[in-house]
Every structure is written in structure tokens, then in C-alpha cells.
Amino acid sequence: MSKNLSALSFRKGLENNVFTRMVEAGAATGTAETPEAVHEIAEHHLVGDAISLGAVSFYDFLKKGNAGKKVFVCNGSACLVAGTQKKLHGDLTKHFKKEEIGHICCLGRCHQGGAFQHDGKNYSGPSEAALKTVCENGEGDSSDHYAVGCSLPQPMLTAEFPGIEKYYAPLQALFAKGQDALLVELKDSKLRGRGGAGFPLHFKWQSCREVPGAVKYIVCNADEGDPGAYIDKYLMEQRPHSVLLGMIVAGWFAGATTGVLYIRAEYPDSVRIISEAIADLKKAGLLGKNIFESGFDFDLKVIKGAGAYICGEETALLASIEGQRPEVRVRPPFPTVEGLFRKPTIVNNVETFANLHSIITLGGKTYARTGTEQSSGPKLVSLDSNFKKPGLYEVAMGTPLEKVVNELGGGFRVPVKAIQVGGPLGGIVPVSKISELTVDFESFKNAGFLLGHAGVVSIPESFPMIEYIEHLFQFTADESCGKCFPCRLGSTRGQELVAKARSGKGNGDRIDPELMTDLLDTMEITSLCALGGGVPLPIKNALKYFKDELQPYFNSNLA
Ligand SMILES: Cc1cc2nc3c(=O)[nH]c(=O)nc-3n(C[C@H](O)[C@H](O)[C@H](O)COP(=O)(O)O)c2cc1C
Ligand code: SF4
């Protein structure tokens, strides 16, 4: 069935995109979940109303409950541990009715806390007076400021942009050398995807290149939903051409003529700046037909998301663009064989694409001199507001984590007991372990953590770990696509167990450690994707390293 839906969506294509129609239908009132809108979308898509209802009712910004909401308070992990949101919510109730205040998960203002969205603009950490101006006059300073640093001898991802002509000039030589030559460079570079899994780039690209097909796509995963991460946001807003160049190179390599950037709605500035950069490229003749007279045609299109963390998972993202309910798809087939509209597709993370300029200008071998043997190249790390110098830092893979925390980040502003690196599915690293880790995939994995996308959230000593565990279960329950039981049910049961134990009603409500272990093991082993399968890792880390703090919530000894 969903294959037929993909085919129907393909007929509408990207210009007349079904998902964009859904987003537009919800723009005026805050919801597309009305009988009229659902029916109109279904007619356009040539499907039944149930199909379009199934899709629109999934998204935070399209579902019925979103109607009439005027302001959205961030409830992501970084704002949670910053302890800013209760007061913010209280302050907002002076300007809005309770039912006009909604929630939003992570605006990428983790460096400041106190984040909210109003009238399509993001704000963070405003004073009460500034908040009043925003709420009453609809205006205020929505610009985003944070430290940007680099510990490489020569910045790569954070390098100054020299202008379109100079930046894109290396493409001409690349196109003249041909795809086989680039494949050698990609292999030499040993670049691995930055979206979390660390999959080798050359393998993915070559796989798509080898699949026959007249229509192929390049998709940029710009749905950076991990609270604590504003890495992709930085690149899209401050180095947009690094991302676009990477996508053009991918298109030329694999034989695709269209690239799509799926950018989360929580990043309105990214949507705007990337769209402007695309327009500039068109003007410069670097998109469209016969780029650099190479015979290569390529165009780029932006699709704005609608508030769903799971759309960062690549197959859910593709289903979303097709206007289907964004449920995770079983692999194989992998997107390189059956991706967008079931056509061969390369899906890469924003930061992954941003590495291509360095690879094609330096050559793969020189690029790989930065980083470690197995984790090559630079890595961006984002630090939350509990650091003295919160911000975005470029380091070589393999850099001691201690250097990032204490030198670049300046240490912590408040006493901190642990950091969560890599989003809600990343490990919880007790501060005692920071000195043992380096910023690369292997170091984190070998120590029982996960580098992931490398956003960092610091958990203060004063923040109860049991509350953090409940937050993780709740996040997973809220964001689960619902396709598989272990995640859909397990996350909710886990949240309930913890909530009951926290309510302190007596011994009967304490958690059985064996039950908790069973629940986490089941989720880890049997979930279809790394949402349900990944959240047990940080919870197990917390149970292991914060045993004494957590023991009172359990009815027998924690192992
Ligand atoms: C629950 C979940 C959320 C994800 N969120 C993102 C995301 O926000 N951005 C991203 O690039 N990859 C995300 N991923 C990973 C993607 O599925 C995919 O592996 C990635 O886009 C591939 O790009 P890369 O090879 O460049 O890393 C997520 C995966 C899961 C399971
Ligand atoms: S683990 Fe969760 S998010 Fe992933 S497929 Fe299963 S239900 Fe969906």
C-alpha cells in the first residue's frame, strides 16, 4: 500500500508536493486536521481521507491540538536542565491565555535556555521587559548569538566563506576529473556520516551511483532534533554554501538532478537563509542546466518540516516528504536503492555534506590527516548553557573531551554531575569519565556511550537523575512513530513506572529493578529503529553511574 502512495506522491512531484500542501493548510489556524483540509489534501493526493488524516494528525504543528496556539515553550533537555522554562511559562501567562501556550521541542537555543517561539520567530533568555515587547508588539530581538571557536590549525567547517565564485570554483576541476577520481578521494578521506551512525560516506554514495535509475535524489537531513545540538543550525545559518556544495557534488557523483533539504520548522532562520543561498546560486548559474558546461543539471528544493523528531530518521523523513504518515520503514531496501518516491536516494546529514568542500580541495588523504584512523576529519560540538562559554566548537576527531569541556567550554557555570552527549539517545557520561574520552566514534562506543551528533547537555548536580530518566522516557513516548510495540508501549510503561516511583506513594510504587532491566533490554533488542532501541543506553548509564542517587526509587538493590 505505501508503495502505491509513494507512486501517487511522485506524480505530484516536489513542485506540487503533498506534504508542503499539508503544512500550508495548517499555516493559518495552526492545524490541518479539519475535515475540509483533510479532504482537500486527500483529493489532491488521489487517496482516501483516512490516509491524509493519518499523516496530518501525526505532526505537532498540524494536529488538532495545535489550533489556536500562539506561543511555544521549548521543552527539550537543555532548556529543562537550564531550569528556565517554569518561569518563562509563568511570564508568558501574563500575555497569553493558558490554551494559547503550546510546547515545542528544541529550538537550538541550548546555549542560552529560556527558548520559545512566537509568530514564527525564535527567542531565548529574554528579560521580562523584552518578553513583554515580543508578546505585545510582536517584535523583539530574535537574533541568535553564541561563541564559535575552532581548535584546528586551519578551520575547515568554520572557515570564512570567500564568496560564491571562489567557493564553488573547485567544482569545475572536479567535474573534469570524473566520478571515479572522486570515489578515490572519498575512500581516502574515510569520511563517516555525522548524523549519528557514522556510516562510511563513500559506500553510501557508490551504492546509489551503481543502482540504475533515470531519477535519483539527494536528500539533506536537516531535521536536527536532538536537544543540545545546534550544529546543523549553525552550518545552515552561517555556512549555508558548505551544505549546498556538498549536495551538488553528491548529485553529480550519483547521477541525480534534484536535491531536497528537509529543514525542521523549529529553525525558521535556517529555512530562510538556505532558501536565499539557493536563490543566489541560481543567479550565479550554479544550479539549473549544464552547470560549468559539464552537462550536469541540478536543482535544489527546501521542504519545511512540521514538528516530529522521528522525521530525523531517514526513512521516516522520506515518508514525510511523500506526504505519508512518517513511520519508519523496514530496511532493506536501503534508501540508496529505494528512497524518496522509491527512487535511489542519498540521504546525508547537514554536517556530512559540509565536509565535501575540504575533501575536494585538500584531497582525501590530506583531509584524513585530521582526526583519527577510524574517525577522520573535523567535528562540530555544541555546548549548552551550563558551560561558562557555551557555543559551537570545531575540533579534530580524537580531541580529548576534557579539552572541549574545560578549555573551549571554559568548564561548567554550575556544579554538574554528568553530560549527555549525542541527544536523547546518546549516553549519559558522569563527569568522572570525561577525562577518559576523546571526541570520536570509537572512544565513546568502547566506553559504553555514544558520540552521536555531539550536542552536549550538562546535568547539574541539583537536577534529580530520576527526573531526567522520566524525561527521556517521556520524550520517546511523545516522539515514537508507533510502528513497533517495544518503543510505542515500552516508552510509556517506562515513563509510568518512573512517575509512580517519583510520586513517593510508598514502597508499593517503587520500581522492581528486574522489571526495569527487562523493559530496557526488550526495547533495545527488539525495536525497529534507534529511537526505541537507543533510549535504553542513557537510562542504563544513569542506573550504573548514579546508583546511590536512584536506589531509593527501587524496591531491591540495583545491580
Ligand atoms: C530517531 C532517530 C532520529 C534521527 N535524527 C537525525 C537527525 O536529526 N539528523 C540526521 O542527520 N540524522 C538523524 N538520524 C540518523 C538518520 O536516520 C540517518 O542515519 C542519517 O541522516 C544519515 O546521514 P549520515 O550518513 O550523513 O549520518 C536519526 C536516526 C534516528 C533513529
Ligand atoms: S523504535 Fe519507535 S520510532 Fe522506531 S520504528 Fe519503532 S515505534 Fe517507530
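## Close-up views of the predicted model

**View 1. V260 of strand β7 stands opposite K301 in strand β9.** This is a predicted model, in which local features need pLDDT of at least 70 and side-chain atom pairs count only at pLDDT 80 or more, while totals for chains, interfaces and linings use all residues. Residues are numbered from 1 along each chain as its sequence is written, chains are lettered from A and ligands numbered from 1 in the order in which they are written, and side-chain values use heavy atoms, leaving out hydrogens and water. Strands (E, at least two residues) and helices (H or I, at least four residues) are DSSP runs, numbered from the N terminus. Six bridges join β7 (residues 258-263) to β9 (residues 296-304), and these two strands run parallel; two strands are said to pair if DSSP finds at least two bridges between them.

**View 2. Strands β8 and β9 form a hairpin with four residues between the strands.** Strand β8 (residues 288-291) runs antiparallel to β9 and is joined to it by two bridges, with F298 of β9 as the bridge partner of G288. Within this hairpin, F292 takes a positive phi near 50 degrees.

**View 3. Strand β11 (residues 378-383) is largely enclosed by the rest of the structure, because six of its six residues are buried.** Here buried means under 20% relative accessible area, exposed means over 50%, and partly exposed lies in between (1.4 Å probe, protein chains only). In a regular strand the side chains alternate between the two faces of the sheet. P378, L380 and S382 point one way from β11, whereas K379, V381 and L383 point the other way. On the antiparallel side of the pairing, five bridges join β11 to β12 (residues 391-396), where the bridge partner of L380 is E394. Strand β15 (residues 455-460) runs parallel to β11 and is joined to it by two bridges, and L383 stands opposite V456 of β15.

**View 4. Ligand 2 is surrounded by 13 residues, the closest being C481, K483, C484, C487 and C529.** A residue is counted as near the ligand if one of its heavy atoms lies within 4 Å of it. By class, this shell has eight nonpolar, four polar and one charged residues; Ala, Val, Leu, Ile, Met, Phe, Trp, Tyr, Cys and Pro count as nonpolar, Asp, Glu, Lys and Arg as charged, and the others, Gly among them, as polar.

**View 5. Two cis peptide bonds follow one another, from R331 to P332 and from P332 to P333.** Omega is near -5 degrees for the bond from R331 to P332, and near 0 degrees for the bond from P332 to P333. P332 is found in the loop between α15 (314-321) and β10 (345-349), and P333 also has its place in the loop between α15 and β10.

**View 6. C106 and D119 each have a positive phi although neither is a glycine.** Phi of C106 is near 75 degrees, and this residue is found in the loop between β2 (101-104) and β3 (116-118). D119, with a phi of about 55 degrees, has its place in the loop between β3 and β4 (121-123). C106 has 2% relative accessibility and therefore counts as buried, whereas D119 has 63% relative accessibility and therefore counts as exposed.
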